[in-house]
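Take a walk through the model shown below. The route runs from a loop to a sheet and ends at the cysteines.

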Amino acid sequence: MREVKVCLIGSGRAGMVHAHNYTGSVPNARIIAVCDPVEETAKNAAEELGIEQYYTDYRDVLKNDEINAVYIVTPTKYHKEIAVAAAQAKKHIFCEKPMAMNEEECDEMIRAADENNVKLQIGFMRRFDESFQEAKRMIAEGEIGEIVLVKSHSRGPSKPKEWMYDIKKSNGPLAEVSSHDIDTVRWFAESELESVYAIGGNFRNKEIAEQYPDFYDNVIMTGEFANGIHACVEGAQYVQYGYDARVEILGTKGVICLGDIHEKKILTCTPNHELKRPTTRSWKFLFKDAYLAEDRSFIRAILNNTPVECSGLDGKMAVRIVKAGNESIVNKKIVKL
């Protein structure tokens, strides 16, 4: 194979970020089709990308022998079904986070990919961010001593979609918002969490509290890794002030801070003695280069037949931790993994 031909399944915001990368920025690969159950969305996406093929049923995508790989960027509850079918159709798979609804579904996806000899990469793009890579190197070289604590938070400005309110369907903000943070602390700690304790509350969407009493839009989860490193994950939805994703890695001799709440370097001083600086509005801006880097990594793994840099096991571990965190919120106790 000299060129990987890609189809996007799920033409929403995150999917289109990947799709645009494949219109000229990923060597030896290009997007040739899109799929979305809403025909108008699929058609508009194809027009935006300058391609002709679009589908409304992913099953039709898998019948197209010209397509070598698929990007699954749909609501989480559809990931397993589509991924297993794609593997059986011999299509390489990039699946956005969260990987699936539970560990059993993750295992099915991993097994299907292995049995059909196709790649399965999970979309934890922060690992590919240049600053994250540099921090990883600094830790390995001992610049801040031994790691004591890894803290990561994500706060998004968007109001949750209706389906997200039902924790049974979405697995809550721990899955939809904090999966990246969970993977981040695990990646830097290079260990597995042994216990977690989490609390959550609905502070910004109280109008749906009666209909969805279990929903939380703010969550804090602490934990301890097998190697003794401490973890802290915080997630928030509908904060409205901007998109805010930052990491702090505390060592015995120093600290590394990642992320910037400011989108631009401009700072305004007003006659009222106020300082103004615009906040980051979207994850698409903050991690633009990381999305491109992970897409390029996926294609290299396919063409060179090498392991992907973010595996199904990585996705499964995040799903396991989300489940434990949600259990902790409900039962108000420490949960052992």
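Asn-117 sits in the loop that links α5 (103-115) to β6 (120-123) in this predicted model. Its relative accessible area is 65%. The cut-off for exposed is over 50%, so Asn-117 counts as exposed. Ala-209 lies 92 residues from Asn-117 in sequence. In space, the two C-alpha atoms are 46 Å apart.

Now the sheet. It is open and has 7 strands, in the order β12-β11-β7-β10-β9-β8-β15. The pairing is mixed. At the edges are β12 (255-258) and β15 (335-336), each paired on one side only. Strand β8 (residues 193-201) runs antiparallel to β15, and 2 bridges join them. Within this pairing, Ser-195 stands opposite Lys-336 of β15.

Two helices pack on this sheet. Helix α6 (residues 130-140) touches β7 (147-155), β11 (244-251) and β12. The direction of α6 makes about 170° with that of β12. Helix α9 (residues 179-189) touches β7, β9 (218-225), β10 (230-236), β11 and β12. The direction of α9 makes about 160° with that of β7.

Last, the cysteines. The structure holds 0 disulfides. For Cys-106, the nearest cysteine sulfur belongs to Cys-95, 8.6 Å away. A disulfide needs two cysteine sulfurs within 2.5 Å, so Cys-106 is in none. Cys-106 is buried, with a relative accessible area of 0%. For Cys-232, the nearest cysteine sulfur is that of Cys-257, at 14 Å, and Cys-232 is in no disulfide either. Its relative accessible area is 19%. Buried means under 20%, so Cys-232 also counts as buried.

Definitions and conventions:
Residues are numbered from 1 along each chain as its sequence is written. This is a predicted model: local features need pLDDT of at least 70, side-chain atom pairs count only at pLDDT 80 or more; totals for chains, interfaces and linings use all residues. Side-chain values use heavy atoms; hydrogens and water are left out. Helices (H or I, at least four residues) and strands (E, at least two) are DSSP runs, numbered from the N terminus. Buried means under 20% relative accessible area, exposed over 50%, partly exposed in between (1.4 Å probe, protein chains only). Two strands pair if DSSP finds at least two bridges between them. Contact means heavy atoms within 4.5 Å. Axes are lines fitted to C-alpha atoms, for helices over the stretch in contact, and angles run from 0 to 180 degrees between N-to-C directions.
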